Amino acid sequence: AENDGTNRLRSLLQELREQGISEIGVASMDSIAAVEESVRQLGIADYVTFMAGYDSGFGVKPGGGMVREFCAQRGVSSEHVAVVGDNASDLLMARDAEAALRIGVLSGTGTSSDLRPPLAHAVLDSIA
């Protein structure tokens, strides 16, 4: 179903693409099938170049395997990767993979106390 949040997400991804950020990954503790279905339902498949779930074979959060695999598959160094996450496991994954930037977002399961620096370099209310 279309909603303002979904439209804002697509607009954000389009804006990132226009600014030269063309490699977007989704790393989840859901199954890869669930990740693929969510990406399809959100209408963002054209923007997502990597997807991983707990059953993708890259390890699980808070380990950094999903980010490291994103880097390997997309030919990107972790020093050029930003990870946006809504809980501490996401940001711990980013730290473990040595991602350059860890951004907490409060529109999910995490709280400002969960995501505060130094775990996150920045905390946003929402990605929309």
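Select Val-60 to begin: at 41% relative accessibility this residue counts as partly exposed, a term for values between buried, under 20% relative accessible area, and exposed, over 50%, taken with a 1.4 Å probe and protein chains only. Val-60 sits in the loop between strand 2 and helix 3, where helices (H or I, at least four residues) and strands (E, at least two) are DSSP runs, numbered from the N terminus. The model is predicted, so local features need pLDDT of at least 70 and side-chain atom pairs count only at pLDDT 80 or more, while totals for chains, interfaces and linings use all residues. Residues are numbered from 1 along each chain as its sequence is written, and side-chain values use heavy atoms, with hydrogens and water left out.

Add Met-29 and Tyr-54 to the selection, and together with Val-60 they display a nonpolar surface patch of about 270 Å². Patches are built from residues with over 30% relative accessible area and no salt bridge, with like charges joined within 9 Å and nonpolar side chains (Val, Leu, Ile, Met, Phe, Trp, Tyr) within 5 Å. A salt bridge here is a side-chain nitrogen of Lys or Arg within 4 Å of a carboxyl oxygen of Asp or Glu, and accessible areas come from the Shrake-Rupley method with a 1.4 Å probe, only the protein chains shown counting as cover for residues.

Next select Lys-61, in the loop between strand 2 (50-52) and helix 3 (65-74); with a relative accessible area of 12%, Lys-61 is buried. Show its side chain together with that of Asp-90, and a polar contact of 2.5 Å joins the two. Such a contact is a pair of N or O atoms within 3.5 Å, of which, within protein, one must be able to donate a hydrogen and the other to accept it, residues adjacent in sequence counting only if both atoms are side-chain atoms. A polar atom of the Lys-61 side chain also lies 2.9 Å from the backbone oxygen of Ala-27. Beyond its neighbours within four places in sequence, Lys-61 is in contact (heavy atoms within 4.5 Å) with residues including Ser-28, Met-66, Ser-89 and Met-93. Look also at the bond that follows, since Lys-61 and Pro-62 are joined by a cis peptide bond with omega about 10°.

From there move to Met-66, which touches, among residues more than four places away in sequence, Phe-50, Ala-52, Phe-58 and Met-93. Met-66 belongs to the largest nonpolar core, 12 residues in all, which also includes Val-67, Phe-70, Cys-71, Val-81 and Ala-97. A nonpolar core is a set of buried Ala, Val, Leu, Ile, Met, Phe, Trp, Tyr and Cys residues joined through side-chain atoms within 4.5 Å. Strand 2, helix 3 and helix 4 (88-96) each supply at least two residues of this core, and helix 3 gives the most, with 4 residues. A second, separate core has 8 residues, among them Leu-13, Ile-24, Tyr-47 and Val-48.

Then select Ser-22, in the loop between helix 1 (4-18) and strand 1 (25-27), where its relative accessible area of 39% makes it partly exposed. The C-alpha atoms of Ser-22 and Val-48 are separated by 8.5 Å, although the two residues are 26 apart along the chain.

Two backbone features end the tour. Glu-98, in the loop between helix 4 and strand 4 (101-105), has a positive phi of about 60° although it is not a glycine. Finally, the peptide bond from Pro-117 to Pro-118 is cis, with omega near 10°.
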